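Thanks for coming. Please bring up the sequence and the structure, and I will go through a few items in turn.

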Amino acid sequence: MKSTPLSLIAGTVALAAVTGFAALTAPGDAGEPEAKAAARLPVERTSLLCPAPSTSDVAETTYTSFTPAGKSGGEAGAAELEPAEALPVDEDAPADEDASDEDATSDEDATSDEEKEKDADKEKATDGKPVISLKDPGKPSTADTDKADAPALIGTATGKLAPGWAAQQTTTAAAGGARGLLGVSCSAPDTDFWFPGASTAAARQDYVHLTNPDDTAAVADIELYGAEGALKSDVAEGITVPARSSVPMLISTLTGEEAENVTVHVTTRSGRVGAVVSAAEDEVGSDWLSASADPAQTLVMPGIPADATSVRLVAFAPGEDDADVKVQLMGKNATFAPAGNDTLHIKSQMTASVDLKDVTRGEPGSIRLSPADGSSTPVVAALRVVRGTGDEQEVAFIPATAAVGDRASVADNRAKGSVLSLTAPGATAKVKVTASAGSEGGEPTVKTYTVKGGTTLEVTPEAPSGLKGSYALTVETESGGPVHAARTLTLTEGGIDMFTVQTLPDDGGTVEVPQARQDLSVLDD
């Protein structure tokens, strides 16, 4: 008798659930295997990385972890975010030769207690214990910190907590140069990232944060592109990111050239990293710039607030050919081209930008880029969005994003201040929106919305009944064409409506697993 061990089949299914790829052929089979319909199974392991939140002494950060209910990846599991290891201090830095020994001793005495206190805090924050642990699907968990040296976080979810696991990091900095509401969805590690919308201008302080989740060092390269092409840099190649550590790089120190609009390209030679850009602009505010969706001919940037006072589109063509794209605003009732900006020419490997001003004119909207004049060159893109005027300005970024797909979630929604934007760039679509149980109590609510093709629907989510704490939003496509979504969170501090926007791409909670060919004759004697 010949047989296929069941352990091989089980192992193959498990491998596919983790990696998204597997194939199985019974020993002794000959010829091509019969085509079988692939099954979709919940993933069994998910990784997320959160950057170090802020260096401001007045910043307060909330972490929120959430896995939507349903599509279980197993009976048991865990989802924890732990501190990345702190990098060692460079003790070989030269001392100030003009300072006397007496001055040095005085300074040391004056700061020794403060330094000891900071060291103790850092040791406590990086003692290896989870900063936040998620217990069950369907209910978010939260944690807070006000430490200026709070570390980056590295996390893994397994079992029933893996499918669709999401984490949000929200920092409120009410004063200082980094003033703003900085929100970022913690992201999975990868090897290739595009960030159109960064800057090396004097008024900007942009950092690219590289976080390595693995037990071996990663080596990364950073390329910078301005309006005239690549920006010269001698220090942006071969950047070592130590194991389970995070490295922030001030972008303006990587080149001697000043450029208002810069596209940052991060790749790894070895290993993988999480990458995100923090952007702070004098007199305007600060926020995180997440990576654009992969280069594509058509891109969607959803969720421009109705009261936006300035919208800047930044795009880049990474290939060898120029790109020509149509610029369209999908508004509340229809799709139209912004006056005087219906197309944009993007030269190969040069960053292009256009000021769309107050393009939404009091109504919510989303930008769609699509090929023009027969162009087929893929591009990446992002929006810089400003609300308010004068001393009450505040900035956020909206990168091009993939569609919601089967399901997508965003955590850390408050009783007030959350707005959900839904955009259907093609056919009309129907989506289900679930507001989860609250982190400290409350029952989920579910509503269904129809999004007319070519428009943007802005809704204020119905909060969970009896809400205590914060909640998560989960969007699921039920029928029709693709839907792109974004959540805007607004908090008022000092009379300024500070805001941040997070997009909702498909959560990748399931993977396609080829079914094993089942020929019962192989079990016969």
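Residues 517-525 have pLDDT under 50 throughout, and this is a predicted model. For that stretch the model has 12 contacts beyond four places in sequence. Taking the chain as a whole, the mean pLDDT is 86, and 82% of the residues reach 70 or more. Residues 1-32 also have a pLDDT below 50. Beyond near neighbours in sequence, residues 1-32 have 37 contacts in the model.

Now the overall make-up. How many helices and strands does the chain have? The count is two helices and 38 strands. Of the 525 residues in the chain, 48% are buried. As for contacts with a separation of 6 or more, 82% of them join residues 24 or more positions apart.

Next, one strand and its partners. Strand β29 covers residues 418-424, and six of its seven residues are buried. With strand β36, residues 484-493, β29 pairs in the antiparallel sense over six bridges. With strand β33, residues 455-459, β29 also pairs in the antiparallel sense, here over five bridges. Which residues are the bridge partners of leucine 422 in β36 and β33? In β36 the partner is alanine 485, and in β33 the partner is leucine 457. As a reminder, side chains in a regular strand alternate between the two faces of the sheet.

Another strand residue I want to show is glutamate 80. Glutamate 80 sits in strand β4, residues 79-83. Is glutamate 80 buried or exposed? The relative accessible area of glutamate 80 is 31%, so glutamate 80 counts as partly exposed, since that class lies between the 20% and 50% cut-offs. Leaving aside neighbours within four places in sequence, glutamate 80 is in contact with Pro130, Ile132, Ser133, Ile154, Gly155, Thr156 and Trp165. One of these contacts can be put in terms of distance: isoleucine 132 is 52 residues from glutamate 80 in sequence, and the C-alpha to C-alpha distance between them is 5.8 Å.

On to pockets. The largest pocket has about 1400 Å³ of space. It is lined by 49 residues, and those closest to its centre are Cys186, Ser187, Ala188, Pro505 and Asp506. Which strand gives the most to this lining? That is strand β2, residues 45-50, with four residues. By class, the lining of the largest pocket has 27 nonpolar, 15 polar and seven charged residues.

Then the cavities. The structure holds two of 30 Å³ or more. The largest cavity has a volume of about 60 Å³. Its lining consists of Leu49, Cys50, Pro51, Val184, Ser185, Cys186, Ser187, His209, Thr211, Gly274, Ala275 and Val276. Two or more residues each come from β2, β9 (180-185), β11 (204-211) and β17 (274-281). Of the elements, β17 gives the most to this lining, with three residues. The lining of the largest cavity divides into seven nonpolar and five polar residues, with no charged ones. Cys186 and Ser187 appear in this lining, and both are among the residues closest to the centre of the largest pocket.

The second largest cavity has a volume of about 50 Å³. Among the residues that line the second largest cavity are Val433, Ala435, Lys447, Tyr449 and Glu462. β30 (429-435) and β32 (445-451) are the elements that give two or more residues to that lining, and β32 gives the most, with four. The classes for the second largest cavity are seven nonpolar, one polar and two charged residues.

Last, two backbone angles. Most residues other than glycine have a negative phi. Glutamine 349 is not a glycine, and its phi is positive, about 55°. Glutamine 349 lies in the loop between β23 (343-346) and β24 (351-357). With a relative accessible area of 33%, glutamine 349 is partly exposed. Arginine 361, again not a glycine, has a positive phi of about 50°. The loop that holds arginine 361 runs between β24 and β25 (365-371). Is arginine 361 buried or exposed? Its relative accessible area is 67%, so arginine 361 is exposed, the cut-off for that class being over 50%.

Terms used
Residues are numbered from 1 along each chain as its sequence is written. This is a predicted model: local features need pLDDT of at least 70, side-chain atom pairs count only at pLDDT 80 or more; totals for chains, interfaces and linings use all residues. Side-chain values use heavy atoms; hydrogens and water are left out. Buried means under 20% relative accessible area, exposed over 50%, partly exposed in between (1.4 Å probe, protein chains only). Two strands pair if DSSP finds at least two bridges between them. On a 1 Å grid over the protein atoms alone, a cavity is a set of points where a 1.4 Å probe fits but cannot get out, and a pocket is an open set with protein on both sides within 12 Å along at least five of seven lines; lining residues have an atom within 4 Å of a point. Grid points are joined across faces, edges and corners, and a volume is the space filled by probe spheres set on the points. Ala, Val, Leu, Ile, Met, Phe, Trp, Tyr, Cys and Pro count as nonpolar, Asp, Glu, Lys and Arg as charged, and the others, Gly among them, as polar. pLDDT is the predictor's confidence in each residue, from 0 to 100. Contact means heavy atoms within 4.5 Å.
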